[in-house]
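Me: Hi! Could you walk me through this one? I'd like to start with how the chains meet and then look at the packing.

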Amino acid sequence: MTSHSTNTETAKQRSLRIPLDYVRPSRFQIFKAVVALIGSVIAFAYAAWLIAGSESARQQLSPGPLVAAHVSWEQKCEACHDNFSPLRADADAGTFKLLSGFFRRRSSAADPAVNSGSPHSPASSFDSKCQGCHMPPDHHHGEKSLSVERCTACHVDHDGKTTKIAQPDDQHCTRCHTNLANPVQSFSSLEGKHGHPPFRSLQNDPGNIRFNHQLHMRKGIPAPDTRNQGLRLMTVADLLANVSPAIANQLHRPPGISIAEKPNANAPVELQCSSCHQLDTRQAVSPSQDAEQFDSAGAYMLPVRYEQHCQACHPLYYEASHTKQLQHGLVPGEIRESLVGQFWSNRRVSPGNIEFNRSASARRIPGRNSDRLSAEAEQRNLTELMLGAESYLLENKVCLKCHVYAESKNNETTQGLPDVLPANIPKVWLEKARFNHRAHLAINSIQCETCHASALSNPANGQENKPDDENVMIDGRDKCMACHTARTNEDFAVQARFDCVECHRYHVIGAY
Amino acid sequence: MLSGPKSFVALHLRWCLFFLVGTTAAVLWYAAHATGSVRWPGGGSLPGLAFGFIAGVIIFFECALWLRKTPWFRTRRWLGRAQLWMKAHIWLGLLTVPLVLLHSGFQFGGWLSYLLAWIFIVVIASGMLGLAIQNYLPRFMLDHVTTETVASQLDAVARQFLVDADNIVAMTCGDEQSSDILDQIPQTAAAPIAGTREIGARRRIGTQVARSPGGSVLYPQVRQVGELRRMFDTEIRRYLETGRCISGKLGGPRRDEEYFVALRKVVPPDAHTAISALQRLCERRYQLSLQARLQLVLQGWLLIHLPLSIALLILLIVHAYFALRFA
């Protein structure tokens, strides 16, 4: 690369060109010092501005924008932060305790966690600022105190205004639930060891009501024909005849008939899902257990009521003329009293004066003993009526059509009419999760039969016709995962969230 | 740190192992602490605090290198050798990279920590660039700048070349300016030997000599050297003065050779000695220019590294205070 001509100047000669007092800063060194000085001044100025603590300076310290709900404290760090009292769940409490003591500032006089230096102190002691506004209930009575995390363990702020701070990552849940008796790793992993387990509350039907959905959903429900001793299709007129006018107005009308129109009295009865199941549109007014479960209007269904949904087809006649019905929901003792009441009301005698009249009728009046006989006859009549009613109820299985008799040790005083087991149909079937019918029905591709197909199984189509009291008419986990999954689904046009908090809550009212 | 590959390994092997062991230990501890947690442990966690503290101490030590080089501490033997300090500066500085990364929890954070992180990155990058330059460029200069001189004296030496060239041309052309030029040369108490001209700097301090040993050269006056004067005034002088040739005919051994070969053809042979001297001066001037450019590269990265290091130190203190206060 280089070609040098003959250089006659020696190194010694070259060195003599350099004066001995050459040690002086060059221009470059001076420039370097000036640049360093400028950098220092700028850095000092920035630091001074930060320490001065103006609102805009505080913005420099924030690791990110606050969630929209907290934006009013964007400029006020002290609203949530105490000096040298860490909010992050992974902060080392012992070290900060030393720091707070060094700087002679106490994060909180009543902060036993910081003062004790224990990293495993109850989480609530770190969360006093959060609990100033938020007071959620505990998670579970069986949760270990050492496992209770701080609020910030799951709810991370400074992550943007649109951050869903109330929707923590699944790992916060699976961190503990992976190690439980029924381990759960993620809802997205159906198969495998740590997929979401089947819904426990749907394993067994706790109800004690005999019911056949398939039969009731059939078009044209057969009913006994009292005239011809056979079966005939029930008509709308039959329904209206068995219920009060108020109930009649609430009865579902056959398809195609609007509210304003009167139903065709001769039309066969065809029930729909909504004939018996209506959404509960009430709004919760107080934080109660029911309110927690019914916290959203339309989330769950109203309980099925006999008077509204069953009486039209299943009147509680207690005699062959089918003119008199029992009130529903009575225990055997109350049935007797009801029968007595109806007897005497028909006789236009107050039930409370039976003894009085008897005693009055027992007085001997010369030539007039018929009153005493009348009272005894009436008592016999009453007894016969009651026995007849009980016999009719037992023989015709009026109660037993739907109910199951209880094996009670202490039978009611009424002979031969045992008590029945309580219906015990849960108001909410998914005990551990939240569900909203309205939100699901709002999706066009989801109908009742989407998740309750077993209620509409048709033996004619080869679908098994199982008795309802042995099966839960809710499809369960697999059906949920058709939409709530990470996988694309060709059957449904939607793909819903599948994170834990979509259905579950950590802070649960009345924790189970 | 001028060293070949083998000597580099010998010098830095232990420090390199220390760096690797330290990094591995930090990563393992951090990984153990992060196991089972949803988020990466942040700066407030136990490993985060430890790494932040260690990195901060190292950064303070890194800045102390400047103090070590000041006249107050430069000759203090009890501080250890400068080479040891430089090796510690390099490897501890590299160690701060994984420590800071783990301390941050792989997040930049707010504006202050964001700025601090980027300053840190630039400081590290400039430092590594400087390390590479400082190891490669001196060897390059040794091969390509054979007449290297003291960097701070480049301008002064170039001016001496100019004076020498003026003197040579004046003597060759027989100009009266030569006496004025001679006046520019610092005079000593000893009178110059008659019939000679002094070339080269005179020693002003220490043992005074009348002239540089062997530095007196006689350039006889030559006739018909107008072309020499013209070319000197238009190109050579400017080149010696500024180090740049507008026409591009000078600057580099090959160009100089071609230029002066052409010049020799247009001047009498008696002037070829002077022309050769001018050529040597031009080559030396090129060497000075090359050295200046290389010196700028060798030291220029400090214009970034040094001020940002100071800013890093200041902002580090601010960050530590506010991060601990509002953890």
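Reply: Happy to; we can go through the interface, then the nonpolar cores, then one residue on a helix. Keep in mind that this is a predicted model.

Me: Great. How many residues does each chain bring to the contact?

Reply: Chain A puts in 65 residues and chain B 61 residues.

Me: And how much area do chain A and chain B bury between them?

Reply: About 5400 Å², with 62% of that on carbon and sulfur atoms.

Me: How many salt bridges does the rule find across the interface of chain A and chain B?

Reply: One. The partners are A:Arg27 and B:Asp155, whose side chains come to 3.2 Å, N to O.

Me: Which elements of chain A give two or more residues to the side that touches chain B?

Reply: Five helices of chain A do that: α1 (11-16), α2 (27-52), α3 (55-61), α4 (93-102) and α8 (171-177). The most comes from α2(A), with 14 residues. By class, this side of chain A has 27 nonpolar, 21 polar and 17 charged residues.

Me: What about polar contacts between chain A and chain B, how many residue pairs?

Reply: The count is eight residue pairs, both residues at pLDDT 80 or more.

Me: OK, switching to packing. Which residues touch the most other members in the largest nonpolar core?

Reply: That core has 44 residues, and the ones touching the most other members are B:Leu228, B:Ile236, B:Leu240, B:Phe260 and B:Leu263. At least two core residues each come from α4 (111-144), α5 (154-173), α7 (226-242), α8 (253-266) and α9 (272-300) of chain B. The largest share is from α9(B), which supplies eleven residues.

Me: Pick B:Ile236 for me. What does it touch, leaving out residues up to four places away in sequence?

Reply: B:Ile236 touches B:Met231, B:Leu250, B:Tyr259, B:Phe260, B:Leu263 and B:Cys282.

Me: And which residues does the second, separate core include?

Reply: That core of 23 residues includes A:Ala57, along with B:Ile59, B:Ile124 and B:Leu312.

Me: Last one, A:Leu394. Where is it?

Reply: A:Leu394 is in helix α17 of chain A, residues 370-395.

Me: Why does A:Leu394 count as partly exposed?

Reply: Because its relative accessibility is 31%, and partly exposed covers what lies between under 20% for buried and over 50% for exposed.

Me: How far is A:Leu394 from A:Cys448?

Reply: They are 54 residues apart in sequence and 36 Å apart in space, C-alpha to C-alpha.

How values were computed:
Residues numbered from 1 in each chain as written. Chains lettered and ligands numbered in written order. Predicted model: local features only at pLDDT ≥ 70, side-chain atom pairs only at ≥ 80, totals over all residues. Heavy atoms only, no water. Contact = heavy atoms within 4.5 Å. Buried area = accessible area lost by both parts, 1.4 Å probe. Salt bridge = Lys/Arg side-chain N within 4 Å of Asp/Glu carboxyl O. Polar contact = N/O pair within 3.5 Å; in protein donor to acceptor, adjacent residues only side chain to side chain. Helix = DSSP H or I, 4+ residues; strand = E, 2+ residues; numbered from the N terminus. Nonpolar A, V, L, I, M, F, W, Y, C, P; charged D, E, K, R; others polar. Core = buried A, V, L, I, M, F, W, Y, C linked by side-chain atoms within 4.5 Å. Buried < 20%, exposed > 50% of the residue type's maximum accessible area, 1.4 Å probe, protein only.
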